[in-house]
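User: I would like to learn how to read a model of this kind step by step, beginning with a single helix and working outwards. Could you take me through it?

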Amino acid sequence: MLKVKAGDTGKLSLLYERHKGKLFGFFYRLTSDGPLSEDLVQNVFYRVLKYRHTYAGKGQFLTWIYHMARNVNIDNYRKNKRMNYQEDMQEWEGHLKDEKGPDYEMSRNQEIDLLNLALSKMNAEKREILVLSKFQELKYEEIGNILDLSVSAVKVRVHRAMHELKAVYQSLETI
Amino acid sequence: MNREEASELWIEYIQKELGKEKSQEMASFLQENPDIKKEFEELGSLWNKMDSLPLPDPSNQMDVKFQAMLSGYEIAQSKKFDLISSIRALFQPLFESKMALASMMLFVGLGVGYLLSSESATNQQLLNLNTEVYEMKKMMMLTLLEQPKALDRMKAVQISNGIIEPDDKIIEALLKTLNNDPNVNVRMVAAQSLAGLANNPMVRSGLIQAISNQTSPVIQNALADIMIDLMEKKSVGEFEKLLQQQNLDTLVKEKIKTTLETLI
């Protein structure tokens with residue numbers, strides 16, 4: 001990243017190759033929208049180029065790029081004024097409705113749909129901390145740096161987020 | 001241990017990351033508090049269930065868009081970028097090839113005129129027109145590939161994407177670009193374009209041969225991804241050759257090892 005900062009922007013390709021998968025996963029878990037997530041990854045790297053002079057170095061690149069990613073996600077959310085996964089939620093809800101019947105048994109796929117639906121209905125902040133801790137395979141220290149929290153606060157929040165997920169999941173199961 | 005502390009340690013407990021001492025402390029706490037134990041187990045089950053949530057792969061379009069964004073940015077930053085001159089530069093080869101342009105116009109004009117005037121217009125005539133358009137596209141592509149500006153050469157590769165069933169000359173030009181173009185972004189789009197033609201044996205073997213020629217980590221990475229997509233076992237030898245290179249990027253080295261594990 002220091003080379004990119006110094007003007008060797010061609011090196012951005014290497015950073016892109018290294019982080020594109022994780023960033024795509026981050027956005028996909030938050031939006032449930034593949035094409036949108038691809039665009040948001042582009043936005044992150046555009047911002048990396050645009051704001052490369054603000055990178056302080058000292059090996060904090062991961063924290064820095066996740067700050068960019070979070071801002072991109074927030075901007076996208078504000079721009080759309082509603083979560084982009086609404087359509088998918090309707091799809092999942094439709095799925096669940098269609099499959100219900102007198103002999104209804106929840107299959108593995110339906111469980112996945114239900115869990116996705118529960119995640120999408122969660123408070124955005126709690127969903128984000130679950131995405132960071134469960135799917136992004138970040139260390140608690142790294143999550144703490146990204147969210148500006150202590151390590152113990154991260155762990156407590158993950159636990160609380162899981163409580164909310166469980167509550168939403170159970171409420172959907174009983175519908 | 002109290003409930004608050006146990007809550008803080010829950011994530012490490014579930015992931016079996018607690019040290020021996022804390023682990024024992026947690027075990028006895030949970031034994032004394034069966035309700036919390038049940039709660040932790042339920043949350044743990046949900047946590048593990050999240051492993052089965054699917055994550056699709058991003059499309060190849062994401063890479064193409066990224067390369068286009070980066071090239072655009074670099075060109076803009078170089079301050080040589082001027083919209084009018086770029087448009088002019090882009091179409092310069094067309095104007096330079098006045099004869100070809102005139103020929104194409106003549107052919108198209110004659111063809112359309114003939115079709116309109118003749119009641120016996122046949123599919124053969126349409127086929128002839130298609131051939132002329134194909135040749136024109138091919139000529140534009142080959143001319144643009146010779147241009148000094150990277151943007152022009154990228155445009156050439158884009159034109160090749162629009163050609164259905166490209167002939168050997170086009171494929172040779174794309175392979176030459178992949179192996180020799182001085183600009184990494186042009187080489188990258190050429191690699192992606194060739195990946196789309198991988199059903200052609202000439203393309204496939206050209207992509208394999210290109211592996212050990214590449215010095216850019218980005219292209220080496222991209223070729224590894226392409227070979228995994230194609231599950232091309234014949235590329236193993238070339239990757240092994242690449243691994244022998246002393247100055248190979250550490251990240252690429254890891255990538256190639258993973259690629260070899262997947263392919264073998």
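Analyst: Let us begin with one helix, bearing in mind that this is a predicted model. On the face of α13(B) that is turned away from its buried side, the exposed residues are G237(B), K241(B) and Q244(B).

User: Which residues of helix α13 of chain B are buried?

Analyst: Helix α13 of chain B spans residues 236-244, and its buried residues are E238(B), F239(B) and L242(B). These residues lie on the same side of α13(B), because the arc they cover around the axis is only 100 degrees.

User: What covers the buried residues of α13(B)?

Analyst: The cover includes three helices of chain B, namely α11 (201-211), α12 and α14 (250-263).

User: How should I read a residue that is neither buried nor exposed, and where is N161(B) found?

Analyst: The general idea is to count C-beta neighbours: a residue is buried if 20 or more other C-beta atoms lie within 10 Å of its own, and exposed if 12 or fewer do. N161(B), which is found in helix α8 (residues 150-161) of chain B, has 15 C-beta neighbours inside 10 Å and therefore counts as partly exposed. The C-alpha atom of N161(B) is separated by 6.4 Å from that of S193(B), although the two residues are 32 apart along the chain.

User: What does the secondary structure of each chain come to?

Analyst: Chain B has 14 helices and 0 strands, while chain A has 9 helices and 0 strands. Of the 264 residues in chain B, 28% are buried; of the 175 residues in chain A, the buried share is 35%. To see how sequence separation enters the fold, take the contacts with a separation of 6 or more: in chain B, 62% of them are between residues 24 or more positions apart, and in chain A the corresponding figure is 66%.

User: How many residues has the largest nonpolar core, and which have the most contacts inside it?

Analyst: A nonpolar core is a set of buried residues of nonpolar type joined through C-beta atoms within 7 Å. In this model the largest one has 50 residues, and those with the most contacts inside it are F27(A), V41(A), V44(A) and A69(A). Helix α2 (residues 12-31) of chain A gives the most to this core, with 8 residues. Because domain 1 (2-80) and domain 2 (86-173) of chain A both give residues to this core, it lies between them. Apart from it lies another core, of 36 residues, which includes M141(B), M154(B), I170(B) and F239(B); F239(B) is also one of the buried residues of α13(B).

User: With which residues is A69(A) in contact, leaving aside its neighbours within four places in sequence?

Analyst: With that exclusion, A69(A) is in contact with L23(A), F26(A) and V44(A).

User: How many residues of chain B are in contact with chain A, and which helix of chain B gives the most to that side?

Analyst: The size of an interface is often given as the accessible area lost when the parts come together. Here we have residue counts instead: 29 residues of chain B are in contact with 34 residues of chain A. On the side of chain B that touches chain A, at least two residues each are supplied by α1 (3-14), α3 (34-49), α4 (60-77) and α12 (217-230) of chain B, and α4(B) gives the most, with 8 residues. By class, this side of chain B has 19 nonpolar, 5 polar and 5 charged residues.

Key. Residues numbered from 1 in each chain as written. Chains lettered and ligands numbered in written order. Predicted model: local features only at pLDDT ≥ 70, side-chain atom pairs only at ≥ 80, totals over all residues. Helix = DSSP H or I, 4+ residues; strand = E, 2+ residues; numbered from the N terminus. Domains from an automatic or database assignment. Contact = placed C-beta atoms within 7 Å. Nonpolar A, V, L, I, M, F, W, Y, C, P; charged D, E, K, R; others polar. Arc of directions from axis to C-beta.
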